[in-house]
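Visitor: Can you walk me through this one? I'd like to start with the empty spaces and then move on to the contacts.

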Amino acid sequence: MEHRSLLEWRESLRRREISARELVEYYLERIRRLDPKIKAYLTVCEEEARRQAQEADRRLSAGEDLPLLGVPLAIKDNICTRGVRTTCASRILENFVPPYDATVIERLKAAGAILLGKTNLDEFAMGSSTENSAFFPTRNPWDTERVPGGSSGGSAAAVAADLCAGALGSDTGGSIRQPASFCGVVGFKPTYGRVSRYGLVAFASSLDQIGPLTRTVADTALLLQVIGGPDERDTTSWPEPQPDYLAELEKPLSPLRLGIPKEAFGEGLSSEVRRVLEEALREAEKLGHEIREVSLPHLEYALPAYYIIAPAEASSNLARYDGVKYGFRAQGRDLIDMYKKTRSRGFGAEVKRRIMLGTYALSAGYYEAFYRKASQVRTLIIRDFEEAFRQADLILMPASPTPAFRLGEKTDDPLKMYLSDIYTIPVNMAGLPGLSLPVGFTENRLPVNLQIIGPQLADALVLAFGRALEAALALDLKPPLE
Amino acid sequence: MAISKEEVQHVAHLARLEFSEEDLERFTRELSGILEYMAKLSEVDTSGVEPTYNALRLENRFREDQVQASFPPEEILSNAPEREGSSFVVPRVIRS
C-alpha cells in the first residue's frame, strides 16, 4: 500500500477500493509515526482533512468524477490557504491566517483535492537546505543526518517519505528541483507564467513559479493540469490555454536531440553525480535519442546575476512586512523605530542578508552597476539558451552539483550554500520549464536527479521525455525509513 | 569590492532594519564577500544589450476597469496586530 502514486490512489478511490476517509487516515497515521523524525510539516490539518474526506466520499458515492477527488496533498507554507495559517516559516508571519486561497489552491479544491497540511521551507523560500526555517529544520528521509534540500524541503521530504500523495512547492532559483534531487522525487518548475502566482507569497516576482513534487512524472502532469492555465489575477500568467499534459504523455515520442552543455559538466560537479548522470544519458541513447554537445557560454554568470536580481526584487516585495496590516509587531518609540524593531526581530539572518543585498543593489549610485548590469546578463543567458535550442530539442544538466549534504555543513558560508543552485538558477532566469527526475543513486544510496530543460512553453515535451526515461530506468524510490 | 560599516548602516536604515554592533561587523564581512563574487559580472561585455525584466517578454496587459467584490473589512483587519474599529493602529506620526 505504501508509496503508491497519486494516479494509483485516484483509481482506487474511483473504484471504491478505498475511501477518501481511509486514505486520509493512512496519511495521518504515517505523519504521526514518521514526521517527528522527518519534520516535513509545519501544520497538519487533521480535522479539516477528515471533514473534506467525508465530503469527498459523499461525492464519490454520488458518482461524481473530478480529477483529484479525495486525494490528500501537502502544500508549501508560502502558498495562501484560506483559514489555514500560512507562515512562510517566518516569525513575522507566525500567526498569519490568509482570508483567501491562492489560485492554485482554489483550483485544487475545485478538483476535489484534500488539504492535508502545510510544509516547511527556508524562510520566505530563501535557502537551499530548509535549515533557514524559523521553526525547525526538515530532515532527509534517505538519511536523517542530511538536509532535504530547499527551499521546498518540507514538500520534497513529505513526498519521499510517503506523508502525502503529492505536493506543491515553489521555485525561484531551484527550490523545487534541488530538493527533489536530494529526496529522490519528481519535481517540476513549469515555464514562467504557466501557473498563476496569485496567493504565492512573493519572493522574486520575475522568477517565482509554483510547481508539483510527486512520485511519478504522470502525477506531476496531472497536478499541473489542475493548477495551471491563465489567471486574470496574475498579469504575468501566460494568456494561452495549456495543453492536455496527460494526453501528451500518451503520444509516441519521436527521436530527440538532447543537448549536453559542456559548461555544466565541468569543475564543481561531484564525481558521483557525474557518474550517475552519465549512466542516465546512456539509457536515453538506448531509447533512440541523440546526445550532442551544446554550449551555454554565460552559465557561470547566472549565479552572480541571480543574487542581484532576486534580492533586489525581494527587498521590494518584503517591504510590506511593516507590523501594520498583518504579522508580528514590535513596540517602538515612533513609526520608523517600530518598523525597524518589527523587521529586525521578525526576519531571520538569511532574509535580512538578502534584503540588505537587494536594497544596496537598488540604491542610488549602484543601480546601474548592479541591477541593470545583472538584467543585461539575464538577456545574454536567454540568448545562450535560444542558440542551444536551435541545436537541441531538450537540454540535460545536473539538478544539483552534489547529493544531499549534512545538516550544518554549509550554514556558516552563504556563498557555499548559494552554489547549490548553480544548475537550476539559469532556468529561472530564462523562464524555462525544468524537470528534476530521479535517475540513480550514489554509492551511499543517496538519490541523484537529472534536470531536463525545454524551450519556453515546451512543458509537455519535457514531461513526455521525462516519463520515457523514468519508465526505462524503473527505479525503486522507497527510502529506508522503517 | 568591499563595503564599509557606515555603508551597511546606511543601507540598513533604507531597508528599515537595525543591527547590533556584532551583527553589523558580520554583515559587513559577509556582504563584502558576496559583492566581491558579484564583481565577476564586470567581466561580461553588455554594451548595447537590452535588460530583461520578464523572461517571456510579456508586455502590460490591460483589462476593463470594472467594479468587483472586495474583501469584507472585518476579514482584512482580522490579522492586524493592533486595530481600532475599522482602522489599523500605528504609532503617532504627526506631533501635536
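**Pockets and contacts**

Guide: The largest pocket has a volume of about 420 Å³. On a 1 Å grid over the protein atoms alone, a pocket is an open set of points with protein on both sides within 12 Å along at least five of seven lines. Volume is the space filled by probe spheres set on the points, which are joined across faces, edges and corners.

Visitor: Which residues are closest to the centre of the largest pocket?

Guide: A:Cys80, A:Phe96, A:Tyr100, A:Arg320 and A:Tyr326, out of 22 that line the pocket. Lining residues have an atom within 4 Å of a point.

Visitor: Before we go on, what kind of model is this?

Guide: This is a predicted model: local features need pLDDT of at least 70, side-chain atom pairs count only at pLDDT 80 or more, and totals for chains, interfaces and linings use all residues. Residues are numbered from 1 along each chain as its sequence is written, chains are lettered from A and ligands numbered from 1 in the order written, and side-chain values use heavy atoms, leaving out hydrogens and water.

Visitor: Back to the largest pocket. What is its lining by class?

Guide: The lining has 14 nonpolar, two polar and six charged residues. Asp, Glu, Lys and Arg count as charged; Ala, Val, Leu, Ile, Met, Phe, Trp, Tyr, Cys and Pro as nonpolar; the others, Gly among them, as polar.

Visitor: Which domains does that lining draw on?

Guide: At least three residues come from each of domain 1 (6-258 + 394-473) and domain 2 (300-373) of chain A. The bounds come from an automatic or database domain assignment.

Visitor: How much area is buried between domain 1 and domain 2 of chain A?

Guide: About 2,300 Å², with carbon and sulfur atoms giving 70%. Buried area is the accessible area (1.4 Å probe) that two parts lose on being put together, summed over both. In domain 1 of chain A, A:Ile92, A:Met126 and A:Tyr418 lose the most area to domain 2, together 31% of what that side buries.

Visitor: How many salt bridges cross that interface?

Guide: Zero. The rule asks for a side-chain nitrogen of Lys or Arg within 4 Å of a carboxyl oxygen of Asp or Glu.

Visitor: And how many between chain A and chain B?

Guide: Six. B:Glu75 and A:Arg82 meet in a salt bridge through their side chains, at 3.4 Å, N to O.

Visitor: How many residues does each chain put into the contact?

Guide: Chain A gives 75 and chain B gives 52, with contact meaning heavy atoms within 4.5 Å. About 5,700 Å² is buried between the chains, 66% of it from carbon and sulfur atoms. In chain A, A:Lys340, A:Met356 and A:Tyr360 lose the most area to chain B, together 12% of what that side buries.

Visitor: Last topic: how many cavities of 30 Å³ or more are there?

Guide: Four. A cavity is a set of points where a 1.4 Å probe fits but cannot get out. The largest cavity holds about 60 Å³ of space. Its lining includes A:Leu73, A:Ile75 and A:Lys109.
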